[in-house]
Amino acid sequence: ALRQKIRLLGRRRFTLERTAMGFVPMLRASLLERRFRKNAPPAYYLSIPNAGGTSRHRYVRKADVETVRGQTGAWREFSRAMAEWVRVSNEVERLLRRIGEGRCVKLGLGGGR
């Protein structure tokens with residue numbers, strides 16, 4: 001049962017690796033939609049994270065919105081795939097350690113009779 005689960009997790013990890021390594025243009029940012037008046041058309045901004053934990057915003061022209069939407073979506077998919085890859089890898093490691101522990105022999109050392 002453990003070996004079968006490890007094989008399934010290995011296949012999932014392979015799929016996640018393909019997602020992460022695929023060549024898709026990405027923007028490491030989020031696309032924000034803002035409306036400055038109640039019925040006004042939306043304005044779009046990129047929220048770009050800085051090293052200090054803050055973000056800066058940059059206006060996106062209407063002509064570029066769909067391209068930017070695809071690129072920020074690709075970054076989001078990449079980030080989620082990497083996070084799941086880490087979780088799957090940790091689970092594989094945990095299961096392999098259980099298999100290893102089950103194969104260990106008991107030590108017959110000591111003065112017990």
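So, is R61 buried or exposed? R61 is exposed, and its relative accessible area comes out at 54%. Before I go on, keep in mind that this is a predicted model.

Okay, staying with R61 for a second. Its side chain makes a salt bridge to D64, where the closest N and O atoms sit 3.2 Å apart. The partner, D64, has a relative accessibility of 29%, and that puts D64 in the partly exposed class.

That's one salt bridge, and a search through the whole structure turns up seven. Let me walk you through some others.

Take E84 and R12. These two form a salt bridge as well, with 2.8 Å between the closest N and O atoms. The nice bit is where they come from: E84 is in helix 2, residues 65-103, while R12 is in helix 1, residues 2-21, so this pair ties together parts that are 72 residues apart in sequence. As for the solvent side of things, E84 is partly exposed at 24% relative accessible area. R12 is partly exposed too, with a value of 35%.

Now compare that with E93 and R97. Their side chains also meet in a salt bridge, 2.9 Å from N to O. But here both residues belong to helix 2, and they're four residues apart, which is about one turn of the helix. E93 counts as partly exposed at 38% relative accessibility, whereas R97 counts as exposed at 53%. The cut-off for exposed is over 50%, so R97 lands in that class.

There's also a network: salt bridges link K5, E91 and R94.

Right, on to the helix packing. How do helix 1 and helix 2 pack, and at what angle? The angle is about 155 degrees, and the axes are 9 Å apart. That makes the two helices roughly antiparallel, helix 1 against helix 2. If you want the hand of the crossing, helix 1 and helix 2 cross left-handed. And if you sort the residues in that contact by class, you get 14 nonpolar, nine charged and two polar.

Which residues make up the largest nonpolar core? There are eight of them: I6, L9, L16, A81, V88, V92, L95 and I99. Helix 1 and helix 2 each put in at least two residues. Helix 2 has the largest share of this core, with five residues.

A couple of spots to click on while you have the structure open. In helix 1 you'll find E17. It's partly exposed, with a relative accessible area of 29%. Measure across from E17 to N90 and you're looking at 15 Å between C-alpha atoms, for residues 73 apart along the chain.

The other spot is S55, which sits in strand 3, residues 55-60. S55 has 44% relative accessibility and counts as partly exposed. From S55 to A29 the C-alpha distance is 9.2 Å, and these two are 26 residues apart in sequence.

To wrap up, the picture I'd take away is helix 1 and helix 2 packing at about 155 degrees, with E84 and R12 joined by a salt bridge and both helices supplying residues to the largest nonpolar core. Elsewhere, R61 pairs with D64, and E93 pairs with R97 inside helix 2. That's me done, thanks.

How values were computed. Residues numbered from 1 in each chain as written. Predicted model: local features only at pLDDT ≥ 70, side-chain atom pairs only at ≥ 80, totals over all residues. Heavy atoms only, no water. Salt bridge = Lys/Arg side-chain N within 4 Å of Asp/Glu carboxyl O. Buried < 20%, exposed > 50% of the residue type's maximum accessible area, 1.4 Å probe, protein only. Axes fitted to C-alpha atoms, helices over the stretch in contact; angles between N-to-C directions. Parallel < 35°, antiparallel > 145°, perpendicular 65-115°, else oblique. Left-handed = near helix turned anticlockwise from the far one by under 90°. Nonpolar A, V, L, I, M, F, W, Y, C, P; charged D, E, K, R; others polar. Core = buried A, V, L, I, M, F, W, Y, C linked by side-chain atoms within 4.5 Å.
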